[in-house]
Amino acid sequence: EQLLMWMLPAYDKYVYTPMCVTLGPHLAKVPRCVTWQGEKYTIFTANIVSCGRACLAVFVACALKFQWNLAAGVLALFHDFLDHVDGIIAREQRRVYGDIDDKIL
């Protein structure tokens with residue numbers, strides 16, 4: 001347990017914070033909404049990325065069932081990466097648009 005308590009701050013400092021610094025400005029440039037035929041559609045939010053992660057979990061489970069361990073590992077790493085990305089998107093869009101997203105999803 002003490003090892004984990006030591007690893008968590010190190011992970012934040014050496015993995016998550018550099019990802020936020022590197023990806024934040026790029027993700028802030030992605031448009032949140034598009035207008036098509038006069039209708040405005042929201043296409044890029046942290047909630048949409050979270051839903052995509054949920055769908056990805058099905059593919060991880062299928063890969064594990066068929067013992068495609070390498071594919072399952074790569075998909076699980078991508079799933080973890082998207083978990084960080086949706087947090088960065090939520091932070092950047094809250095900064096730009098204010099507190100408009102559902103905090104539960």
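# Close-up views of a predicted model

**View 1. The largest nonpolar core has 13 residues.** Among these, L27, F44, V49, I88 and I89 touch the most other members. At least two residues of this core come from each of the helices α1, α2 (46-65) and α3 (69-97). The helix that gives the most is α3, with five residues. The model shown here and in the other views is predicted.

**View 2. L27 sits in helix α1, which covers residues 2-29.** Is L27 buried or exposed? The relative accessible area of L27 is 16%, and a residue counts as buried under 20%, so L27 is buried. Leaving aside neighbours within four places in sequence, L27 is in contact with F44, V85, I88 and I89. L27 and R95 are 68 residues apart in sequence, and their C-alpha atoms are 12 Å apart in space.

**View 3. I89 is in contact with L27, F44, T45, A46 and V49.** This list leaves aside the neighbours of I89 within four places in sequence. L27 and F44 also appear with I89 among the core residues that touch the most other members, and F44 is one of the contacts of L27 as well.

**View 4. Helix α1 bends by about 40 degrees at L23.** A proline, P25, follows within four residues of the bend. The helix has 28 residues and reaches 40 Å from its first C-alpha to its last. This is close to the 40 Å expected at 1.5 Å a residue.

**View 5. The buried residues of α1 pack against α3.** Which residues of α1 are buried? They are Y16, M19, C20, G24 and L27. L27 is also a member of the largest nonpolar core.

**View 6. The whole protein contains three helices and two strands.** From the N terminus on, the elements run α-β-β-α-α. Along its principal axes the C-alpha trace spans about 50 × 35 × 25 Å. The radius of gyration is 17 Å, whereas a compact globule of 105 residues would have one near 13 Å. Of the 105 residues, 25% count as buried. The protein exposes about 7,900 Å², and carbon and sulfur atoms supply 68% of that area. Among contacts between residues at least 6 apart in sequence, 61% join residues at least 24 apart.

How values were computed: Residues are numbered from 1 along each chain as its sequence is written. This is a predicted model: local features need pLDDT of at least 70, side-chain atom pairs count only at pLDDT 80 or more; totals for chains, interfaces and linings use all residues. Side-chain values use heavy atoms; hydrogens and water are left out. Buried means under 20% relative accessible area, exposed over 50%, partly exposed in between (1.4 Å probe, protein chains only). Contact means heavy atoms within 4.5 Å. A nonpolar core is a set of buried Ala, Val, Leu, Ile, Met, Phe, Trp, Tyr and Cys residues joined through side-chain atoms within 4.5 Å. The expected span of a helix is 1.5 Å times one less than its number of residues. The bend at a residue is the angle between axes fitted to the seven residues ending there and the seven starting there. The radius of gyration is taken over C-alpha atoms; the globule rule is 2.2 Å times the number of residues to the power 0.38. Accessible areas come from the Shrake-Rupley method with a 1.4 Å probe; for residues, only the protein chains shown count as cover.
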